[in-house]
Amino acid sequence: MVKTAIQLYTLDGFAVSEGTKVRIAAETDVDGVEMVHYDAPSAETVAALDETGLTVAGLSVAAADLDESIEAVVTACERLDCGTVVLGFLGPEHYRSEAATRETARALSAYSAALAEHGLRFLYHTHRHEFEATGDRSRFELLIEATDPSVGIEFDLGWAGVTGVDPYDLLAEHGDRIERVHLKDMDFATETFVNLGDGDLDVERGAKTATDAGVEWLIYEHEDPSDPVESVVTGASKLRQFASTPVSN
């Protein structure tokens, strides 16, 4: 069965320690957390993970972390017992043309190869600009074609949805490359973030499509919740509800 996790960035606006954020997530019914790499994991964070039994589904990093301090990323993964590194964002300038997109694909492939030398998987997290057109196809489709197959995709359904593409069809079509799905609900017209189930994302369809595609993790994230703890609690509840939905025949 697909596993569920909370992206701890959802609690970024809540002024508590990272270890406390782990314990908040553990009060729900999720299997793990996805974490953001700021610095070396604290002893408190490691202890919280040990005590709660939550799995670290992935460590989200910036490109600068991989360019300037990949050894620190590797060390953090070792401390967190985490086998997957996620590049959380690349700006629109990396996709301004077909040539730029192909250069980005080469960089992602190089990151994947470098991390593989340390026994780590590499994923790239999508946003909105990857789904804009370049010629007769989207930058996302070009990226899938041009990257080494070792580069996995963490597919953000909410950001794909705001562009007007059908995120569920894309997920089904490219399920062989998509390893994680972010169930991020949004008002597509205004591009504002909402709690899971309150926006335009068809959460049940997204979860079922991901499960049918063999995605390993369904991850909830809200980028700007008014009540971070409440958002985590309701999001985790819906994750579990829809992750338990039987797979289509």
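1. A nonpolar core is understood here as a set of buried Ala, Val, Leu, Ile, Met, Phe, Trp, Tyr and Cys residues joined through side-chain atoms within 4.5 Å. In this predicted model, the largest such core holds 68 residues, and the members that touch the most others are M35, L59, L108, F155, V181, L183 and L218. Helix 4 (residues 70-80) supplies the largest share of this core, with six residues.

2. The overall framework is a closed barrel of eight strands, taken in the order 1-2-3-4-5-8-9-12, with parallel pairing. On average, neighbouring strands of this sheet are turned by 30 degrees against each other, direction ignored.

3. Helix 5 (residues 98-116) packs on the sheet, where it touches strand 4 (84-87), strand 5 (121-125) and strand 8 (151-156). The direction of helix 5 makes about 150 degrees with that of strand 5. L108, already named among the core members with the most contacts, touches L87, L90, F122, Y124, L143, T147 and V151, with residues up to four places away in sequence not counted.

4. Strand 4 and strand 5 are paired in the parallel sense over four bridges, and T84 stands opposite R121 of strand 5. The chain passes from strand 4 through helix 5 to strand 5 in a right-handed β-α-β crossover. Of the five residues of strand 5, four are buried.

5. Strand 5 runs parallel to strand 8, and four bridges join the two. Two positions document the register: H125 stands opposite E154 in strand 8, and the bridge partner of Y124 is I153.

6. Which residues of strand 8 point one way, and which the other? V151, I153 and F155 lie on one side, whereas G152, E154 and D156 point the other way. In a regular strand, side chains alternate between the two faces of the sheet. Strand 8 is mostly covered, with six of its six residues buried; the buried set therefore includes E154 and D156 as well as I153 and F155, each being under 20% relative accessible area.

7. On its other edge, strand 8 is joined to strand 9 by four bridges, and these strands also run parallel. The bridge partner of F155 in strand 9 is V181. Both F155 and V181 are among the core residues that touch the most other members.

8. Strand 9 (residues 178-183) pairs in turn with strand 12 (residues 217-220), in the parallel sense and over four bridges. Here V181 stands opposite L218 of strand 12, and L218 too belongs to the group of core residues with the most contacts to other members.

Conventions: Residues numbered from 1 in each chain as written. Predicted model: local features only at pLDDT ≥ 70, side-chain atom pairs only at ≥ 80, totals over all residues. Heavy atoms only, no water. Pairing = 2+ DSSP bridges. Axes fitted to C-alpha atoms, helices over the stretch in contact; angles between N-to-C directions. Contact = heavy atoms within 4.5 Å. Buried < 20%, exposed > 50% of the residue type's maximum accessible area, 1.4 Å probe, protein only. Right-handed = clockwise from strand over helix to strand, strands pointing away.
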